[in-house]
Amino acid sequence: MPYYAVAKGYNPGIYRQWEECANQVRGYSGNDFRKRFCYADAERFLSRKSIVYSHDCGYYGDFRNTTPYVYYAIAGGESPGIYHVPWYKCKHLVHGKVKLRKYYCLADAKYFMKRQHIKNYCEVSDDSDDEYF
């Protein structure tokens, strides 16, 4: 079930239902919201907009300490894909006209690739048997 992070709306915050989110952004000039598939990415979106979101339930703690590294979604270039490896292993792939996003869950990285209309891409992680690098 997705999370809807509202940065600019009647009541900024994180919502679980689309209708709740829609009620916050419909008719609000300059609204800004994103659909995310994990709570950590919804929080990250709000924090990048300088919004501190306090919540009474849901995710607690520092998600960065529980994930050894993040998912880098690279759309475009010679090797489009989702890389679940340390940054130093995939930064050489980011050159020219590419779009790069950092996510804390695979579902959000896949959703980004879908929005970019990238259908054929690789998924690489440190625990895979492939010697990609």
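**Exercise 1. Find what covers the buried residues of α4.**

Step 1. List the cover. It includes β3 (32–36), α2 (39–48), β4 (71–75), β5 (81–84) and β6 (99–103). Keep in mind that this is a predicted model.

Step 2. Name the residues being covered. In helix α4 (residues 106–115), they are Asp108, Ala109, Phe112 and Met113.

Step 3. Place them around the axis. They cover an arc of only 140°, which puts them on the same side of α4.

Step 4. Recall the helix rule. An α-helix has 3.6 residues a turn, so residues three or four places apart point the same way.

Step 5. Look past the helix end. His117 follows α4, and its phi is positive, near 65°.

**Exercise 2. Decide whether α2 is mostly covered or mostly open, and name its cover.**

Step 1. Count. Eight of the 10 residues of α2 are buried, so the helix is mostly covered.

Step 2. Name them. They are Tyr39, Ala40, Asp41, Ala42, Glu43, Arg44, Phe45 and Leu46.

Step 3. Find the cover. It includes β1 (3–8), β2 (13–15), β3, β6 and α4.

Step 4. Check the direction. α2 lies across β1, β2 and β3 and runs at about 5° to β1.

Step 5. Look past the end. Ser50 follows α2 with a positive phi, near 60°.

**Exercise 3. Work out the strand order of the three-stranded open sheet and find its edges.**

Step 1. Write the order. It is β2-β1-β3, with antiparallel pairing.

Step 2. Pick the edges. β2 and β3 each have a single partner strand, so one side of each has no neighbour in the sheet.

Step 3. Add the twist. From one strand to the next it averages 20°.

Step 4. Inspect one pair. β1 and β2 run antiparallel and are joined by three bridges. Ala5 stands opposite Ile14 in β2.

Step 5. Add a helix. α1 (residues 18–25) packs on the sheet and touches β1, β2 and β3. Its direction makes about 10° with that of β1.

**Exercise 4. Locate the largest nonpolar core and trace the contacts of Tyr72.**

Step 1. Size the core. It has 13 residues.

Step 2. Find those with the most contacts inside it. They are Tyr72, Ile74, Tyr83, Val85, Cys90 and Leu93.

Step 3. Take Tyr72. Set aside its neighbours within four places in sequence. Its contacts then include Gly81, Ile82, Tyr83, Val85, Pro86, Trp87 and Cys90. Leu100, Arg101 and Lys102 also touch Tyr72.

Step 4. Step back to the chain. Of its 133 residues, 40% count as buried.

Notes:
Residues numbered from 1 in each chain as written. Predicted model: local features only at pLDDT ≥ 70, side-chain atom pairs only at ≥ 80, totals over all residues. Heavy atoms only, no water. Buried < 20%, exposed > 50% of the residue type's maximum accessible area, 1.4 Å probe, protein only. Helix = DSSP H or I, 4+ residues; strand = E, 2+ residues; numbered from the N terminus. Arc of directions from axis to C-beta. Contact = heavy atoms within 4.5 Å. Core = buried A, V, L, I, M, F, W, Y, C linked by side-chain atoms within 4.5 Å. Pairing = 2+ DSSP bridges. Axes fitted to C-alpha atoms, helices over the stretch in contact; angles between N-to-C directions.
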